Amino acid sequence: MRFRTLSAVSGAAALGLSVLLTLSACAGSSSSTGADASDDPAAGPVPATAEQLVGTWVTGESYDSPELPFLAFAADGSWSGSDGCNGNSGEWSISSDGALTTSAGLSTLMACSGAPLPKSLTKASKALLDDGSLLLTDSDGATIVTLVPSDEPTGDAAAGEPSADASAEAATGGAAGTWRAEAPAGVDVHLTLESDGTVQGSDGCNTLTGSWTEADGVVTLGGLASTRKACDGVDTWLSRANALSLDGSSSATVVDAAGAPIGTLRLDG
C-alpha cells in the first residue's frame with residue numbers, strides 16, 4: 001500500500017513536470033516569435049531626406065494641359081512647379097522626420113485640367129518615400145498626392161548620388177542667364193532663367209516669378225506670376241510672356257499665349 005502511494009505520487013510529480021516543461025516551451029516559443037517580429041524592419045513609408053527629394057517629380061499620368069504638371073526641388077533649397085497651366089516657385093526645407101517647410105510666390109489663376117501640384121506642396125506637412133514614390137501628406141497623415149521621378153536616374157543618380165546641376169541642365173538646356181529688353185532709363189525689364197528651372201524678373205514695374213524649360217530653341221514659361229502694382233507710363237508687356245524663341249545665342253523673341261511676338265530680349269554678357 002505504501003509502495004502504490006509512492007508510485008502514484010511519483011507519477012503525479014512526473015505529470016506536473018511534463019506540463020511545466022510544455023508550458024515553458026510554449027512561453028519560450030512565444031518570446032522567440034516576438035523577438036523575430038521586433039527585429040523585422042517596419043514596412044511602409046519612411047521620411048524623405050533632402051538628398052532624396054532633390055529632382056523633378058510628376059504624377060505619372062497624362063493631362064490635357066499646356067505642360068506636364070511637375071514639382072522640381074533644387075539642392076539650394078528652392079523649388080518650382082506647375083499645375084499644367086500656372087507656374088509657381090518658392091523655398092523648401094525638410095527635417096529628419098520628413099516635416100516640410102515651404103514658401104511660395106504669386107501664381108497666375110488660369111483654369112487648368114492638370115494637377116494642382118504647387119498647391120499640394122504648400123499644403124503638405126510631410127514628405128515620405130514609399131518604394132520609390134514620393135508621398136506628400138497633410139497634418140493628419142493623409143496622403144495629398146503621390147508622385148514618381150520624372151525620369152529614370154542615370155550617371156551619379158543611378159549610383160545613389162544625384163547630380164542636381166546635371167538634372168537642371170538636362171531640363172532647361174543652355175538658355176540660363178539674364179535676358180534684358182531695351183527700356184527707358186531707370187526702367188528694368190528682364191527675365192532671369194535660373195539653372196534650377198525657376199524664373200525671376202521684372203516687367204519694369206512688377207516682379208515676375210515662374211518656371212521654365214527649353215527644347216529645340218524654344219523656352220516655355222510655366223505661367224508667369226506677377227505682382228499688381230500700377231506704374232504710370234510703364235509698358236508692362238513682359239508680364240504677358242508665354243515663351244521665348246531663341247534667335248541664336250544672345251537674342252530671343254518673346255511671344256504671348258496666342259503665339260504673337262510682343263518684344264525682344266538680349267542675353268546679358
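**Figure 1. D188 and R180 meet through their side chains in a salt bridge.** In this predicted model, the N to O distance of the pair is 2.5 Å. Neither end is tucked away completely: D188 is partly exposed, with 34% relative accessible area, and R180 counts as partly exposed too, at 33%. As a reminder of the chemistry, side chains of opposite charge can pair when their charged atoms come close.

**Figure 2. R180 also meets D268 in a salt bridge.** Here the N to O distance is 2.7 Å. This pair links distant parts of the chain, with R180 in strand 10 (residues 177-180) and D268 in the segment after strand 18 (261-267), 88 residues apart. D268 counts as partly exposed, at 40% relative accessibility. Put the shared partners together and you get one network of salt bridges made of R180, D188 and D268. The count of salt bridges for the structure is two.

**Figure 3. C205 and C231 are joined by a disulfide.** The S to S distance is 1.8 Å, and the link is right-handed, with 75° about the S-S bond. Both cysteines sit in loops: C205 lies between strand 12 (198-203) and strand 13 (207-215), while C231 lies between strand 15 (225-226) and strand 16 (243-246), so the disulfide ties together parts that are 26 residues apart in sequence. The two ends have their own surroundings to look at. C205 is buried, at 7% relative accessible area, whereas C231 counts as partly exposed, at 29%. If you go looking for others, the count of disulfides comes to one.

**Figure 4. F73 and W92 form the one aromatic pair in the structure.** Their ring centres are 5.5 Å apart and the ring planes stand at 80°, so this is an edge-to-face pair. F73 comes from strand 3 (residues 70-73) and W92 from strand 5 (residues 87-94), so the pair ties together parts that are 19 residues apart in sequence. F73 is buried, and W92 is buried as well.

**Figure 5. E91 sits in strand 5.** Its relative accessible area is 44%, so E91 falls in the partly exposed class. Setting aside neighbours within four places in sequence, E91 is in contact with G77, S78 and W79, and also with T101, T102 and S103. For a sense of scale, the C-alpha atoms of E91 and S80 are separated by 8.7 Å, with their positions 11 residues apart along the chain.

**Figure 6. Strand 5 and strand 6 run antiparallel and are joined by three bridges.** In this pairing, S93 stands opposite T101 in strand 6. Zoom out a little and the two strands belong to an open sheet of nine strands, ordered 1-7-8-9-2-3-4-5-6, with antiparallel pairing. Strand 1 (46-47) and strand 6 (100-102) are the edge strands, each pairing on one side only.

**Figure 7. D131 has a positive phi, near 55°, without being a glycine.** Look for D131 in the loop between strand 7 (126-130) and strand 8 (133-137). With a relative accessible area of 78%, D131 is exposed.

**Figure 8. S251 belongs to strand 17 (residues 251-255).** S251 is buried, with 11% relative accessible area. Leaving out neighbours within four places in sequence, the contacts of S251 are W179, S245, L246, T264, L265 and R266.

**Figure 9. The whole chain, for orientation, has four helices and 18 strands.** Buried residues make up 36% of the 269 residues. Among contacts with a separation of 6 or more, 46% are between residues 24 or more positions apart. The accessible surface comes to about 14900 Å², and carbon and sulfur atoms account for 54% of that.

Definitions and conventions: Residues numbered from 1 in each chain as written. Predicted model: local features only at pLDDT ≥ 70, side-chain atom pairs only at ≥ 80, totals over all residues. Heavy atoms only, no water. Buried < 20%, exposed > 50% of the residue type's maximum accessible area, 1.4 Å probe, protein only. Contact = heavy atoms within 4.5 Å. Areas by Shrake-Rupley, 256 points an atom, 1.4 Å probe, with all protein chains shown as cover. Phe/Tyr/Trp six-rings, centres within 6.5 Å; stacked < 30°, edge-to-face > 60°. Disulfide = S-S within 2.5 Å. Pairing = 2+ DSSP bridges. Salt bridge = Lys/Arg side-chain N within 4 Å of Asp/Glu carboxyl O.
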